[in-house]
Every structure is written in structure tokens, then in C-alpha cells.
Amino acid sequence: MAVPHQIFKQLAKKRLVGKEGKEKEREIRKLLVEMPGYKTGPYGEIRKWLQGEIQENRKRGRVKARVFFDVKKEGDAQVVLLGPPNIGKSSLLKKLSSIQIKVADYQFTTLKPIPAMVDFDGALVQVVEIPGLLEGAAEGKGGGRAMLAAARNANYAVLMTSADTPLEKVKAVRDEMRRVDLPTPKFLICNKIDLPGVENIITSLKREFHDIEIVPISVEKNIGIQSLRDAIWRNLELVRINVGGRERPVVLARGAAVRDVLDEIFHDATQPHTIKISGPSAKFSDQQIGLEHVLYDGDALEIH
Ligand SMILES: Nc1nc2c(ncn2[C@@H]2O[C@H](COP(=O)(O)OP(=O)(O)O)[C@@H](O)[C@H]2O)c(=O)[nH]1
Ligand SMILES: [Mg+2]
């Protein structure tokens, strides 16, 4: 039996306390999936309230995210790349996207955050390199604190190092992240695994960062790049929904329903539509479905 609606609402409010941005939206979506499916009555009201919260939350998010230090937030999601200088951050961005980035064999080549657009089967993810000025960043040296704070607006942060960088340097960056209360990085990239002696550095990284996944790559030798792309996409927890007549998929948080796609396209999900679905969440091709149908990555919709 479902819990009484008052209790559900109280629990829901509690679960949203202290959450904002993407995290809040994810929690609201979980609640929408968990709650009984009544469209009317008290539970219908709660559903409307939660859906309103998503809109409010997005508005707030847009205002806050407009200025990402010098980098304008663009695309469907944003990931920041943090790490010591000279580890191959710029080289990696250049490899993942088609933009021109300056790469040089000396430290502090990059003085400003540099964004690159990376295409994940139609979903555009902005990957931002944060320059290697992080030592003392929490104290606000060289604008580093602003950059670290800005990392909070991104979907998540990734930590990066290289096989020829002392462990102490990447630990220092991790410590700065902790000091400004950034969430634990989703994973740790170790570049330059083409260099000799790489087994030792991987072993010590695994010991020091035992709670996060380590992704070994070599930008120069083109090793591990596909695994890295997979890790970036997987950790975003997004779904790509192809909609007939549109060039790019609609990209939404995992757990999104048909209603959210209509919201995104028409900014109004109340108008009647005939909707047919094919793909991973369809029982069969061109299955007719309703607004509450939860979508999977790669689903395709025909909206009439
Ligand atoms: N051996 C090796 N060197 C690399 C690799 N990737 C980048 N580099 C070199 O590392 C240096 C620093 O690269 P850069 O991308 O500017 O590093 P950033 O300071 O972290 O942005 C350059 O000389 C690159 O050619 C790699 O996979 N293997
Ligand atoms: Mg650089």
C-alpha cells in the first residue's frame, strides 16, 4: 500500500533539503518514479508540485550558471578537468574535440579555463580544462579559488595526472578540492602511460585513490581514449532521446519521462499528442505510450 500522501510530501521535502541544480533535479525525478501514479487527488497535486519544482530549479540553475568565470556554459552538460600542470590536459581536450588548443612543453601554458565541445552520439558535453594554478587555490591565489568554486556548477569534476608527475602533486590538487568542499572527483585519469615505469605510478595511484576509478590513457599513443569517453558519458547519467524530425537528440537526466521531452521541445507538456516509441524501453517498435513512460538512453519518439 502507498504511504499516506501527507507523509510522502514530508519525506519528499526532506529529501530535497540542501540539494540544488542537477542533484536536486535527479532527486525530484526519483521521487516522481517512486510515487503512486495517480493523476488526480492529493497525489496528483504532489506530482504537479514536484514538476513545478523542476522548472523552478532549472530557472535558478540558468541564472547561476550563466557566467562560468570566462567560460560560457554551453551544450547539454559540463565536466571540468582538474590536475597539475603539464600532464596533457590540453592535449586531451584537443584529441576529444575539434577545437584548436595550444599545447607546449612548459608549465602554465594555459592561463584561463579552456572549454572544448565533445560529441557523444549527438549529446554535446562541454569539457573545461582548469589551468594548473591550483596550489594555494583555496586561499584565492591567482583566481584559483573562483575557478575551483566554478567547478561546482559543472555536472562533475574529473581529476587528472600523468605517469611522469609525482604523486604529491595530484594529492595536492585533491586536497585543494576537499578544502573548498568540491565533491570527490568521479574518476582519475592517468595520462602518458606510454612512458616507462608506468606500473609503479599506477600502483601508487591505486593505493592513494582506492575509492575512485582510475582510467589509464596515452593521448600521444591513442591508448584508452574510448574507455575514457565511456567513463565521461556513463558518469553523467544522462539519456539521449531521438525525436523524429530533429537533428540532435534531446538530452535529459536519467529517469526522465515522455512528459519531460515535450516540456523541453514545446515548453508545455499539456497539449494532447500521439506518441510512439521505438528503442530500448519499447515493448515493440512504434508502441504507443503516455506521458509518464520512463525513457531509456537511445529511445526514439515520433510525436504527432
Ligand atoms: N609521453 C607523452 N607525452 C604527452 C602525452 N600527452 C601529452 N604529452 C605532452 O605533455 C606536455 C604537456 O601537455 P599539455 O597538454 O600542454 O599539458 P597541460 O599543461 O596539462 O594542459 C606536452 O609536451 C605534450 O606533448 C602522452 O600521452 N604521452
Ligand atoms: Mg593546458
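**Entry 1: strands S6 and S7**

I began with methionine 160 and looked up its bridge partner in S7, which is isoleucine 189. The model I am reading is predicted. I then turned to the two strands as wholes: strand S6 covers residues 156-162 and strand S7 covers residues 187-191. How many bridges pair S6 with S7? I found four, and the pairing is in the parallel sense.

**Entry 2: the six-stranded sheet**

I next looked up the sheet to which S6 and S7 belong. This sheet is open, has six strands and follows the order S4-S5-S3-S6-S7-S8. I noted its pairing as mixed. Which strands stand at the edges? They are strand S4 (114-120) and strand S8 (213-216). Each has a single partner strand, so one side of each is left without a neighbour in the sheet. I also recorded the turn between neighbouring strands of this sheet, which is 30° on average with direction ignored.

**Entry 3: the five-stranded sheet**

I then examined another open sheet, formed by five strands in the order S10-S9-S13-S11-S12. Its pairing is likewise given as mixed. At its edges I found strand S10 (250-253) and strand S12 (287-288), each of which pairs on one side only.

Within this sheet I looked up the link between strand S9 (residues 238-243) and strand S13 (residues 300-303). The two strands run parallel and are joined by two bridges. For valine 243, I identified leucine 301 as the bridge partner in S13.

I also asked which helix lies across S9, S10, S11 and S13. It is helix H9 (residues 258-266), and I noted that H9 runs at about 130° to S10.

**Entry 4: ligand 1**

My final entry concerns ligand 1 and its surroundings. I counted 18 residues around the ligand, the closest being Asn86, Lys89, Ser90, Ser91 and Asp194. By class, this shell holds six nonpolar, six polar and six charged residues. Which helix gives the largest share of the shell? Helix H4 (residues 89-96) does, with three residues.

I then looked up individual distances. A polar backbone atom of lysine 89 is 2.9 Å from an oxygen atom of ligand 1. For isoleucine 87, a polar backbone atom is 3.1 Å from an oxygen atom of the ligand. On aspartate 194, a polar side-chain atom lies 2.8 Å from a nitrogen atom of ligand 1. Lastly, I noted that ligand 1 on its own has 580 Å² of accessible area, of which the protein covers 89%.

Methods
Residues are numbered from 1 along each chain as its sequence is written. Chains are lettered from A and ligands numbered from 1 in the order in which they are written. This is a predicted model: local features need pLDDT of at least 70, side-chain atom pairs count only at pLDDT 80 or more; totals for chains, interfaces and linings use all residues. Side-chain values use heavy atoms; hydrogens and water are left out. A residue is near a molecule or strand if one of its heavy atoms lies within 4 Å of it. A polar contact is a pair of N or O atoms within 3.5 Å; within protein, one must be able to donate a hydrogen and the other to accept it, and residues adjacent in sequence count only if both atoms are side-chain atoms. Accessible areas come from the Shrake-Rupley method with a 1.4 Å probe; for residues, only the protein chains shown count as cover. Ala, Val, Leu, Ile, Met, Phe, Trp, Tyr, Cys and Pro count as nonpolar, Asp, Glu, Lys and Arg as charged, and the others, Gly among them, as polar. Two strands pair if DSSP finds at least two bridges between them. Contact means heavy atoms within 4.5 Å. Axes are lines fitted to C-alpha atoms, for helices over the stretch in contact, and angles run from 0 to 180 degrees between N-to-C directions.
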